Amino acid sequence: MTKSEMAQTSRMLVAVALAGMVTAPAFAQTAEGPGGLVHDAEYYVLMAQNGESWAAEDADIQAKLAALREKHGTPPNLIHIMWDDTAYGDLGMPGIQAVRGLDTPNINALAQEGMMFTRMYTEVGCTPSRAAAITGRLAVRSGMYNIGMLQESHGLNAEEVTLAEVLSDAGYATAFFGKWHLGDIEQSYPHNQGFDEALFTGYNQILSLNTREAEQGNASIGLFEDMLPENPYKLDDTFITKDWVMAAEGTKGGETLQWRDNTTESYEAMDDEGFKRMFAFIEANAKEGKPFFVASCPNMANFMPIRPKCTRARALLQNGLQCTIDPFIAELRAKLDELGIAENTLIVAMADNGPMSHNPPPGTGFAETIFRGGKGDFLEGGVRVPAFAVWPSVIKPGSLPNDMIHITDLFTTFASLGGAIGNIPTDRVIDGVDQTALLPNGDTAGRRDYTFTYAGPTLGAVVKGDYKRHMISPDPIGEASGIPAAFYFLPSDPREVQPMLTNLIHLKRPFNRMVLRHNLWKEKYPDRPETHGIPWTGIANASEALKREQNPQLILKDLPFDPLEYIDHLDELPFDPNADPSIGQ
């Protein structure tokens with residue numbers, strides 16, 4: 001047999017073994033609905049070893065949930081709250097808060113009266129984490145690994161199936177309020193992705209710098225050209241963006257409207273408006289006796305130093321957490337108590353990724369705590385975040401599971417609780433694992449011991465239990481020679497500063513095996529490319545300036561090419577896999 005034939009045979013054997021692994025266990029069919037969901041390959045390794053005990057555990061849990069549903073008349077209400085860029089330890093841990101100069105008693109009460117996750121993993125940035133939460137899929141699979149900025153011309157593809165769609169089909173009312181950050185193209189708007197109503201931003205908090213006040217202070221440079229002295233050397237009046245949409249609103253099947261305008265006043269009003277609409281949405285559905293799913297993602301902070309300083313830290317992050325998020329949590333829980341639905345409502349509250357520790361604006365207060373790294377890193381500091389859950393009738397107070405949970409798991413767990421597993425598509429990989437058992441049973445009841453963390457479209461690191469391997473290695477010479485010092489034992493090295501070679505080299509093959517299974521499965525279920533389009537189409541009250549942005553031919557006549565042709569080629573500006581991976585060193 002030639003080397004080529006041997007390699008071909010080897011690939012066939014791997015494929016057969018992999019295929020057998022995902023079809024063999026009969027309990028996979030019953031545990032996760034007719035036909036079963038398609039998970040990542042690693043999940044089936046766990047299922048093959050634990051599936052029978054999980055099925056028995058599920059039977060007991062489902063009986064308890066059925067009793068709760070009979071008592072309350074509906075499946076549980078589901079609330080997901082997510083804010084930005086917070087290091088693990090900054091919330092829920094009073095000792096660290098004393099050092100960091102903030103106090104959040106209402107957020108901390110979620111841990112005391114419910115559950116604090118010690119190993120909640122997210123993606124490396126705002127857009128990827130939000131895509132992962134709403135689709136149950138790693139952002140690389142949906143083509144949403146690129147963090148969107150002003151007039152980005154991309155967004156969540158209409159073919160992605162969101163949690164809002166899955167729960168809507170199960171009879172839930174659904175709403176989104178706040179920072180959506182999943183695109184500025186029409187198919188990506190939240191009310192076009194399953195939400196009954198939405199008030200949302202297409203971008204992040206840098207919108208607070210896309211204002212005339214920021215231009216005046218040089219916090220934004222050159223965006224508002226009418227405020228600047230005339231440049232006698234300027235030849236191109238189409239280079240700088242003239243108009244955009246800071247926030248929009250819409251209803252499922254209805255029209256989309258720009259909400260207010262692009263001013264500082266509008267930005268500052270948005271969180272309060274979102275909270276007001278959220279409480280009205282909750283109250284209306286509670287009175288109707290209809291279960292609801294609401295996602296709230298407050299902007300929380302303004303990069304312009306215009307708000308009162310309300311914490312000892314005197315910084316943007318701490319002020320936002322203590323003076324926006326914390327009172328919001330208190331008001332929300334008071335509203336649920338007032339309506340008599342707190343016992344039948346699960347709240348999950350969390351950060352979307354680690355702190356903005358690379359090139360943060362001054363005065364923001366971002367910093368590493370226990371873990372090294374931050375937003376953009378595949379280090380623990382970038383993707384291991386503060387997260388809490390409270391459900392008085394189900395979660396025991398003071399629960400502190402050390403089980404691993406990933407942001408994609410919320411998709412599958414919420415769908416399971418809502419009786420909507422059967423609405424999840426089975427033609428694609430769903431990375432989210434049903435972690436329902438973790439809520440009532442607590443520590444050691446989790447069903448995940450692995451994560452894959454991508455840096456853009458490139459696999460950056462893999463975690464399995466207490467072990468981690470950097471796939472973008474801090475030891476490129478060793479990596480090239482096949483003996484990389486890229487392995488870490490997280491309990492003794494949470495900051496990932498002591499890569500081990502001899503101590504952990506026995507993990508080389510196991511991690512290689514994980515990655516190869518993951519990649520082979522991706523060949524069967526390929527990643528979706530980025531989806532591009534013209535920003536902010538379908539806005540019923542669009543300004544004339546915005547229309548001109550969408551149709552340059554109104555200004556540029558008789559060009560020998562289509563001035564919007566470049567949009568179809570945006571994915572030809574790739575992430576450079578040879579660039580500095582910025583792993584915090």
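This note sets out points on the cavities, a central strand pairing and the cysteines of a predicted model.

1. Cavities. Searching the whole structure yields six cavities of 30 Å³ or more. The largest cavity holds about 140 Å³ of space. Its lining is made up of 15 residues, and those closest to the centre are H80, R130, A133, I134 and A295.

2. Origin and character of the lining. Two or more residues of the largest cavity's lining come from each of β1 (77-83), α6 (126-135), β7 (292-297) and α13 (409-417). By residue class, the lining comprises 13 nonpolar residues, one polar residue and one charged residue.

3. Strand β3. This strand spans residues 173-179, and seven of its seven residues are buried, so β3 is largely enclosed by the rest of the structure. As a general point, side chains in a regular strand alternate between the two faces of the sheet.

4. Pairing of β3. With β7, strand β3 pairs in the parallel sense over six bridges; A173 stands opposite F292 of β7. Strand β4 (residues 197-201) also pairs with β3 in the parallel sense, over five bridges. Here G178 has F200 of β4 as its bridge partner. Strand β7 thus appears twice in this note: as a partner of β3 and as a contributor to the lining of the largest cavity.

5. The disulfide. The structure holds one disulfide, which joins C310 to C323 with an S to S distance of 1.8 Å. The link is right-handed, with 125 degrees about the S-S bond. Because C310 lies in the loop between β7 and α11 (316-339) while C323 lies in helix α11, the pair ties together parts that are 13 residues apart in sequence.

6. Exposure of the bonded cysteines. C310 has a relative accessibility of 32% and therefore counts as partly exposed. C323 also counts as partly exposed, at 34%.

7. Cysteines C126 and C297. What keeps C126 from a bond with its closest cysteine sulfur? That sulfur belongs to C297 and lies 10 Å from the sulfur of C126, which is too far for a bond. For C297, in turn, the closest cysteine sulfur is that of C126, at 10 Å, again too far for a bond. Both residues are enclosed in the sense of accessibility: C126 is buried, with a relative accessible area of 0%, and C297 is buried at 4%.

How values were computed. Residues are numbered from 1 along each chain as its sequence is written. This is a predicted model: local features need pLDDT of at least 70, side-chain atom pairs count only at pLDDT 80 or more; totals for chains, interfaces and linings use all residues. Side-chain values use heavy atoms; hydrogens and water are left out. On a 1 Å grid over the protein atoms alone, a cavity is a set of points where a 1.4 Å probe fits but cannot get out, and a pocket is an open set with protein on both sides within 12 Å along at least five of seven lines; lining residues have an atom within 4 Å of a point. Grid points are joined across faces, edges and corners, and a volume is the space filled by probe spheres set on the points. Helices (H or I, at least four residues) and strands (E, at least two) are DSSP runs, numbered from the N terminus. Ala, Val, Leu, Ile, Met, Phe, Trp, Tyr, Cys and Pro count as nonpolar, Asp, Glu, Lys and Arg as charged, and the others, Gly among them, as polar. Buried means under 20% relative accessible area, exposed over 50%, partly exposed in between (1.4 Å probe, protein chains only). Two strands pair if DSSP finds at least two bridges between them. A disulfide is a pair of cysteine sulfur atoms within 2.5 Å.
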